[in-house]
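Work through the exercises below with the sequence and the model side by side, and try each task before you read its solution.

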Amino acid sequence: MMPRHIGVQPQPSPAPYTLLTNTRTYQPGMPITVTISGPEYRGLLLEARTGSGTNALGSWQLPPPDTRFLQCTGNPRGAVTHSNTNLKGNTTVYSWMPPDSTSPIYFKATVAQQRTVYWLNVRSDTLARGKAEGLGLVTSAGRAKEKPLPLLLICFLLFQLLG
């Protein structure tokens, strides 16, 4: 995730950027949005990873303006990078689709304010695999789950409607 900016080294100071997600958990088939919070930037390389692995996970969805997909570790939509040096900022939202995995996942980025000023290893918080959420009324065994409030609310509403 090192830019090919000949003769330029990454910044040794802490990055002024934070990777923010719209959730703390993920589920296959449910997209996650990622934003880069901080000063405007011109370049980036953004991937999802697990553990200490270097493989890009999942697939990025329609890239925002001024960005494009980058094939990483054989994954044609494994990363998002800049397509030009136009300014990007907090309103640039990246959408990512998780793989069918049970491992914790985090996002990792290289962010460049300009060609000679960039930071490596900007990381998000780790996302855990979440459970499917729904009304949770019936399990495969046919018993009510541990969510009595929705069940009581539905029963109350039906009672009110019917009579």
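**Exercise 1.** In which loop is S101 found? Then decide whether S101 is buried or exposed, and list what surrounds it.

Solution. Begin by locating the residue in this predicted model: S101 belongs to the loop that lies between β8 and β9. Next, take its relative accessibility, which is 18%; because a residue is called buried when this value is under 20%, S101 counts as buried. Then look for residues that touch S101, leaving out those up to four places away in sequence, and you will find Y26, P28 and R129. Finally, turn to the polar atoms, where a side-chain polar atom of S101 lies 3.1 Å from the backbone nitrogen of S103.

**Exercise 2.** Write down the strand order of the open sheet of four strands, and explain why β1 and β5 each have one side without a neighbour in the sheet.

Solution. Reading across the sheet, the order is β1-β3-β8-β5, and the pairing is antiparallel. The strands β1 (18-21) and β5 (59-60) stand at the edges with a single partner strand each, so one side of each is left without a neighbour in the sheet. To examine one of these edges, follow β5 to β8 (residues 93-97), to which it is joined by two bridges, and note that W60 has W96 as its bridge partner in β8.

**Exercise 3.** Which residues have the most contacts inside the largest nonpolar core, and which elements give two or more residues to this core?

Solution. The core has 23 residues, and those with the most contacts inside it are I36, L46, W60, Y94, W96 and F107. Two or more residues come from each of the elements β3 (32-37), β4 (43-49), β8, β9 (106-114) and β10 (117-123). Now take W96 as an example: apart from neighbours within four places in sequence, the residues in contact with W96 include I32, A48, L57, W60 and F107. As background, nonpolar side chains tend to be buried together in soluble globular proteins.

**Exercise 4.** How many bridges join β4 to β7, and how many join β6 to β7?

Solution. Start with β4, which is joined to β7 (residues 75-82) by three bridges, the two strands running antiparallel; here L45 stands opposite T81. Continue with β6 (residues 67-72), which also runs antiparallel to β7 and is joined to that strand by five bridges, with L70 standing opposite A79. To finish, look at the hairpin of β6 and β7, where two residues lie between the strands and T73 takes a positive phi near 45°.

Conventions. Residues numbered from 1 in each chain as written. Predicted model: local features only at pLDDT ≥ 70, side-chain atom pairs only at ≥ 80, totals over all residues. Heavy atoms only, no water. Pairing = 2+ DSSP bridges. Core = buried A, V, L, I, M, F, W, Y, C linked by side-chain atoms within 4.5 Å. Buried < 20%, exposed > 50% of the residue type's maximum accessible area, 1.4 Å probe, protein only. Contact = heavy atoms within 4.5 Å. Polar contact = N/O pair within 3.5 Å; in protein donor to acceptor, adjacent residues only side chain to side chain.
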